[in-house]
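User: I would like to learn how the labels given to a structure are decided. Please take me through some of them.

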Amino acid sequence: MGDAGHGPVSSRGRLFWVSAIAGWALIAWGVRGALHHHVDTRPAELARFFFGGVVLHDLVLVPLVLVAGVVLGRTVRGPWKAPVQAALIISGCAALFAWPEVRDYARVLHNPSSLPHNYTVGLLVVVAVVWAGTAVVALVRR
C-alpha cells in the first residue's frame, strides 16, 4: 500500500502527477524569489518564521485544539454541542486571522496610519458578537 492507505503509488493518475509537478514548480519559484530578492524577503527571518510556525502549530496549537475538542465532547451535550463547536471554530479562525494586527507586527514608527485601530478590542468585539449570535440561535432552536 502507498501512504495514507490510498492504494499503491503506481495507481495514482495523471492528474496527481501533473498537480504534484505544478506544486513543486510553484514552491521552487517562491524559494527562488525569496532568495533572489533577499534584501526585501530576508530569507533567514523567513525560514525562522516558517519553521517556527510549523513547530508552534504541531507542538502547541494542535494539542490545544485536541484537548479543547475532548473537553467539549465530554462536557457539552444535546442541542448546545453543535452551536458551541461552531462558535469555537469561528472564534479561533477570527483570532488566528487577527493575530498579526493584535501583536502590532506591522506597526511603523512615525506612521500612525500603519495600524490605526485597537485590534485587540476589535477581536474581542467580534468574538463577543459570535458568541451572542450563537446563544440567540441556540435558544431559538430549542
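Analyst: The turns below set values against definitions.

Analyst: This is a predicted model, in which local features need pLDDT of at least 70 and side-chain atom pairs count only at pLDDT 80 or more, while totals for chains, interfaces and linings use all residues. Residues are numbered from 1 along each chain as its sequence is written, and side-chain values use heavy atoms, with hydrogens and water left out.

User: How many helices and strands does the chain have?

Analyst: There are 5 helices and 0 strands. Helices (H or I, at least four residues) and strands (E, at least two) are DSSP runs, numbered from the N terminus.

User: What makes the chain more spread out than a compact globule?

Analyst: Its radius of gyration, taken over C-alpha atoms, is 22 Å, well over the 14 Å that the globule rule gives for 142 residues, so the chain is more spread out than a compact globule. The rule is 2.2 Å times the number of residues to the power 0.38. Along the principal axes, the C-alpha atoms fill a box of roughly 60 × 55 × 25 Å.

User: Why is L56 called exposed?

Analyst: Buried means under 20% relative accessible area, exposed over 50%, and partly exposed in between (1.4 Å probe, protein chains only). L56 has 52%, so it is exposed. This residue is found in helix α3, residues 43-75. Of the 142 residues of the chain, 13% count as buried.

User: Is R42 exposed or partly exposed?

Analyst: R42 has a relative accessible area of 46%, so it is partly exposed. R42 is found in the loop between α2 (38-41) and α3.

User: What is notable about the phi of R42?

Analyst: Phi of R42 is near 45°, a positive value in a residue other than glycine. Most residues other than glycine have a negative phi.

User: How many aromatic pairs are there, and why is the pair of F16 and W17 called edge-to-face?

Analyst: The structure holds 2 aromatic pairs. The rings of F16 and W17 have their centres 4.7 Å apart and their planes at 85°, so the pair is edge-to-face. Rings of Phe, Tyr and Trp (its six-membered ring) pair if their centres lie within 6.5 Å; planes under 30 degrees apart count as stacked, over 60 as edge-to-face and the rest as tilted.

User: What makes the pair of F50 and F51 edge-to-face?

Analyst: Their ring centres are 5.0 Å apart and their planes are at 80°, so the pair of F50 and F51 is edge-to-face. F51 has a relative accessible area of 52%, so F51 is exposed.
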